[in-house]
Every structure is written in structure tokens, then in C-alpha cells.
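Here are my notes on this model, as numbered points. Please read them with the structure open.

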Amino acid sequence: MDIDALDRMLVQKMKSGDSKTYIRSIAHWLKKIKQEGGEYSTVDEKETRTLENIASLGLLHIEEIRNVKIAFLTPEAESLMKDFFRKGYYMQAQDFSALKGNENASG
């Protein structure tokens, strides 16, 4: 799956609105799960609803053990994450605070 396919899928499921916010949220969650070693555990109801929504897109597999939801990345999620990376969704903002001190020295 790539970002364009995800966008089309979201637009079909949405009643109205912009899919970009949802795509950024999905990118965030997939990265978070990947950083946790490919699985993420939660008992939080809000997180659970979000993860279940992402799972409905085929991007997560969710298991429940003693009221704990555990989300695992699917191969489709791994493929999508590569596209997120290629298109800059995971770029970190540069820290310009170090340059701020240099501006004052030259002026």
C-alpha cells in the first residue's frame, strides 16, 4: 500500500472532511508502533479505538490478552511506512536554536 491508496480508501470511508489529518495520525501511530519493536500494548479506550480504526484499514493486527490490546504492524503497514518515509512524513524539524546565537554575533 502507498499513501495515494490510503488516501483513496479514507476518502471512501469518510462522510466529509480532509483525509490529510487522518493520514498524519496513521503515520504517527505506525512509527510509534515500529519504535516499540513492532507491537504496542494499551488499555486506554481512546487509543484502542484509534488502533482499531487503523486495523480496519488492514494496517494493524490486534490481539487482546486480559483486557490489554496489543497492536502489531501488518506487511501493508510496513510498505506504507516506506512510502511515508520517501514522501517526507517522518522528517524531523531541524533545530535552529544553535544558529540563533550565531546571528547575534555577526550582527
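1. In this predicted model, the lining of the largest pocket is made up of L10, K13, M14, T21, Y22, S25, I26, T50, N53, I54, S56 and L57. The volume of this pocket is about 350 Å³.

2. Which helices supply the lining of the largest pocket? At least two residues come from each of α1 (3-13), α2 (20-35) and α3 (45-55). The most comes from α2, which gives four residues.

3. The character of the lining is mixed: six residues are nonpolar, five are polar and one is charged.

4. Now to α3, with its two faces. T48, L51 and I54 are buried in this helix. They lie on the same side of α3, because they cover an arc of only 125° around the axis. The general rule is that an α-helix has 3.6 residues a turn, so residues three or four places apart point the same way.

5. What do the buried residues of α3 pack against? Their partners are α2 and three strands: β1 (39-42), β2 (60-65) and β3 (68-73).

6. The face of α3 turned away from the buried side carries exposed residues, E45, K46 and N53. N53 is also among the residues lining the largest pocket. I54, one of the buried residues of α3, is in that lining too.

7. Check the N-terminal end of α3, where D44 acts as the cap. A side-chain oxygen of D44 lies 3.0 Å from the backbone nitrogen of K46. K46 is itself one of the exposed residues on the face turned away from the buried side.

Terms used: Residues numbered from 1 in each chain as written. Predicted model: local features only at pLDDT ≥ 70, side-chain atom pairs only at ≥ 80, totals over all residues. Heavy atoms only, no water. 1 Å grid on protein atoms, 1.4 Å probe; cavity = no way out; pocket = protein on both sides within 12 Å on 5 of 7 lines; lining within 4 Å. Points joined across faces, edges and corners; volume = space filled by probe spheres on them. Nonpolar A, V, L, I, M, F, W, Y, C, P; charged D, E, K, R; others polar. Buried < 20%, exposed > 50% of the residue type's maximum accessible area, 1.4 Å probe, protein only. Arc of directions from axis to C-beta. Contact = heavy atoms within 4.5 Å. Polar contact = N/O pair within 3.5 Å; in protein donor to acceptor, adjacent residues only side chain to side chain.
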